[in-house]
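User: Hi, I have a protein model open and would like to talk it through. Could we start with what sits inside?

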Amino acid sequence: VAAHPDPAVAREIVRGGTATFAHFSGMSAAPTRAEGTDANVYASLGDQYDVREHASGTAGHAQTLPEEFVDRFAVAGPVEECVRRLSELVDLGLDHLVVIPGSRDADRAELLASLDRLAHEVLPKLR
């Protein structure tokens with residue numbers, strides 16, 4: 001999850017983590033039922049994933065993730081978008097969410113600002 005007024009910056013904050021979790025979700029033993037473009041993204045991650053660059057947003061495999069995939073797989077964007085997406089998950093009946101705040105090499109200042117928005121602007125609206 002990354003809350004930032006600029007969706008492109010939000011995507012970059014979570015890009016490495018998104019690649020990591022998508023890679024695990026796309027493994028043959030995972031229960032993912034991807035179709036179309038997403039199935040191709042999972043397959044590509046499986047072929048290209050570099051464990052030396054695990055959770056890095058600048059890794060080659062992370063950089064190949066289409067914006068649309070990051071938008072579906074992660075929660076990233078302005079505060080209102082994060083509230084909407086997280087509310088959809090809560091409305092599904094989920095009562096426990098694990099929030100990963102950003103990639104290991106995300107810009108520190110942007111990551112901290114995102115965490116502040118998450119704590120003070122997003123999460124209070126979910127209660």
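User: Which residues of the largest nonpolar core touch the most other members?
Analyst: In the largest nonpolar core, which has 18 residues, Ala2, Ile13, Val14, Leu45, Leu65 and Phe69 touch the most other members. A nonpolar core here is a set of buried Ala, Val, Leu, Ile, Met, Phe, Trp, Tyr and Cys residues joined through side-chain atoms within 4.5 Å, and buried means under 20% relative accessible area, exposed over 50% and partly exposed in between, with a 1.4 Å probe and protein chains only. Please keep in mind that this is a predicted model, in which local features need pLDDT of at least 70, side-chain atom pairs count only at pLDDT 80 or more, and totals for chains, interfaces and linings use all residues. Residues are numbered from 1 along each chain as its sequence is written, and side-chain values use heavy atoms, with hydrogens and water left out.

User: Which helices each supply at least two residues of this core?
Analyst: Helix H1 (7-25), helix H2 (36-48) and helix H4 (67-73) each do so, and H1 gives the largest share, 5 residues. Helices (H or I, at least four residues) and strands (E, at least two) are DSSP runs, numbered from the N terminus.

User: And what other core lies apart from it?
Analyst: Another core, of 9 residues, lies apart from it, and Ala3, Val75, Val79 and Leu86 are among its members. In soluble globular proteins, nonpolar side chains tend to be buried together.

User: Back to Ile13, what does Ile13 touch?
Analyst: Leaving out residues up to four places away in sequence, Ile13 touches Ala2, Pro101, Gly102, Ser103, Ala106, Glu110, Leu111 and Ser114, where contact means heavy atoms within 4.5 Å.

User: New topic: is Phe21 buried or partly exposed?
Analyst: Phe21, which is found in helix H1, counts as partly exposed because its relative accessibility is 39%.

User: What about Ala55, where is that?
Analyst: Ala55 is found in the loop between H2 and helix H3 (60-63), and Ala55 has a positive phi of about 70 degrees although it is not a glycine. Its relative accessibility is 16%, so Ala55 counts as buried.

User: Zooming out, how many helices and strands does the protein chain have?
Analyst: The protein chain has 6 helices and 2 strands, and from the N terminus on its elements run β-α-α-α-α-β-α-α.

User: How much of the chain counts as buried?
Analyst: Of the 127 residues of the protein chain, 36% count as buried.
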